[in-house]
Amino acid sequence: MTVIKVADMHCEKCVARITKLLTEEGLDFSVSLADKTVTVNGCQHCVKTALEALDDLGFEGVVE
């Protein structure tokens, strides 16, 4: 399990956009607006995919 901090996630619309794209990527993940994090359950390739997807949406993800 890897936690990615997404400091610029501000609202439920952000959560919905992130959830939609990461689901399309086939990842096992959870999103927390309260903590401003995305938790990815998977290998380093899955984490890399999640980071690239976040970047595509305009979010900067930082692995904690």
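Reader: Which backbone nitrogen does the side chain of Ser32 reach?

Author: This is a predicted model, where local features need pLDDT of at least 70, side-chain atom pairs count only at pLDDT 80 or more, and totals for chains, interfaces and linings use all residues. Residues are numbered from 1 along each chain as its sequence is written, and side-chain values use heavy atoms, with hydrogens and water left out. Ser32 sits in strand β2 (residues 29-32), strands being DSSP runs of E with at least two residues, numbered from the N terminus. At 3.1 Å, its side chain reaches the backbone nitrogen of Asp35.

Reader: And which residue's side chain has a polar atom 2.8 Å from the backbone oxygen of Asp35?

Author: Look at strand β1 (residues 2-5), where Lys5 lies. Asp35 is among the residues in contact with Lys5 (heavy atoms within 4.5 Å), leaving aside neighbours within four places in sequence. The side chain with a polar atom 2.8 Å from that backbone oxygen belongs to Lys5.

Reader: Is Lys5 buried, partly exposed or exposed?

Author: Buried means under 20% relative accessible area, exposed over 50%, and partly exposed in between, with a 1.4 Å probe and protein chains only. On β1, Lys5 shares the uncovered face with Val3. Its relative accessibility is 30%, so Lys5 counts as partly exposed.

Reader: Which residue in β4 stands opposite Lys5?

Author: Two strands pair if DSSP finds at least two bridges between them. β1 and strand β4 (residues 62-63) run antiparallel, joined by 2 bridges. Opposite Lys5 in β4 stands Val62.

Technical notes: Helices (H or I, at least four residues) and strands (E, at least two) are DSSP runs, numbered from the N terminus. A polar contact is a pair of N or O atoms within 3.5 Å; within protein, one must be able to donate a hydrogen and the other to accept it, and residues adjacent in sequence count only if both atoms are side-chain atoms.
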